[in-house]
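Please walk through this fold helix by helix, with attention to how the helices meet and which side chains lie between them.

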Amino acid sequence: MDEKQLQKAMQLISIAGDSKSQSIQAMQLAEDGKTTEAQQMLKDAKKTLHEAHNIQTGWMTEEMNGAQIEKSLLLIHSQDHFMSADIMLTVAEKVINLHKELDQVKTEA
């Protein structure tokens, strides 16, 4: 894997990891009853994941335009990190929504 591709893989891993961490923090905030803060953290996680998506899209565009992208274990690993961050974002959104509904039920009771 050439240096340019190595840097992209490491960037993707790092940025996706940041997004995943933000999603986990958002769920913790919701669990602590701080749903407004949780929603803001989730927005941050989405913005961060979008940065990772831009790297991935750029990579695919390069390959579609004829660039040879070496399929290495590191490339696959970076894609795994991206996908797990994307899944965590979806789960966090659902968890936050459930906590909002639970808070509403508690308020009405």
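The paragraphs below go from one helix to its partners, and then to two individual residues.

The model is a predicted one, and a convenient place to enter it is helix α2, which covers residues 35–64. This helix has 30 residues and reaches 42 Å from its first C-alpha to its last, which is close to the 44 Å expected at 1.5 Å a residue. Along α2 the buried positions are T35, A38, M41, L42, A45, T48, L49, A52, I55, Q56 and W59, and these buried residues pack against both α1 (3–31) and α3 (73–108). Just after the helix, G66 takes a positive phi of about 105 degrees.

The packing of α1 on α2 can be described by its geometry: the two axes are 8 Å apart and the helices pack at an angle of about 160 degrees. Because an angle over 145 degrees counts as roughly antiparallel, α1 is roughly antiparallel to α2. The crossing of these two helices is left-handed, and their contact has, by class, 15 nonpolar, eight polar and seven charged residues.

How do the axes of α1 and α3 cross? They come within 8 Å of each other and cross at roughly 15 degrees, and since angles under 35 degrees count as roughly parallel, α1 and α3 are therefore roughly parallel to each other. Here, too, α1 passes α3 in a left-handed crossing, while the residues in the contact of α1 with α3 divide by class into 19 nonpolar, eight polar and two charged.

Two residues show these contacts at the level of side chains. K8 is found in helix α1, and although lysine is classed as charged, K8 counts as buried because its relative accessibility is 15%, below the 20% limit for that term. Leaving aside neighbours within four places in sequence, K8 is in contact with I55, W59 and E62; I55 and W59 are also among the buried residues of α2.

A85, by contrast, has its place in helix α3, and with a relative accessible area of 0% it is buried. Not counting residues up to four places away in sequence, A85 touches A16, S19, K20 and L49, and of these L49 is one of the buried residues of α2. Finally, A85 and E108 lie 23 residues apart in sequence, and the distance between them in space, C-alpha to C-alpha, is 35 Å.

Notes. Residues are numbered from 1 along each chain as its sequence is written. This is a predicted model: local features need pLDDT of at least 70, side-chain atom pairs count only at pLDDT 80 or more; totals for chains, interfaces and linings use all residues. Side-chain values use heavy atoms; hydrogens and water are left out. Helices (H or I, at least four residues) and strands (E, at least two) are DSSP runs, numbered from the N terminus. The expected span of a helix is 1.5 Å times one less than its number of residues. Buried means under 20% relative accessible area, exposed over 50%, partly exposed in between (1.4 Å probe, protein chains only). Contact means heavy atoms within 4.5 Å. Axes are lines fitted to C-alpha atoms, for helices over the stretch in contact, and angles run from 0 to 180 degrees between N-to-C directions. Angles under 35 degrees count as roughly parallel, over 145 as roughly antiparallel, 65 to 115 as roughly perpendicular and the rest as oblique. A crossing is left-handed if the near helix is turned anticlockwise from the far one by less than a right angle, and right-handed if clockwise.
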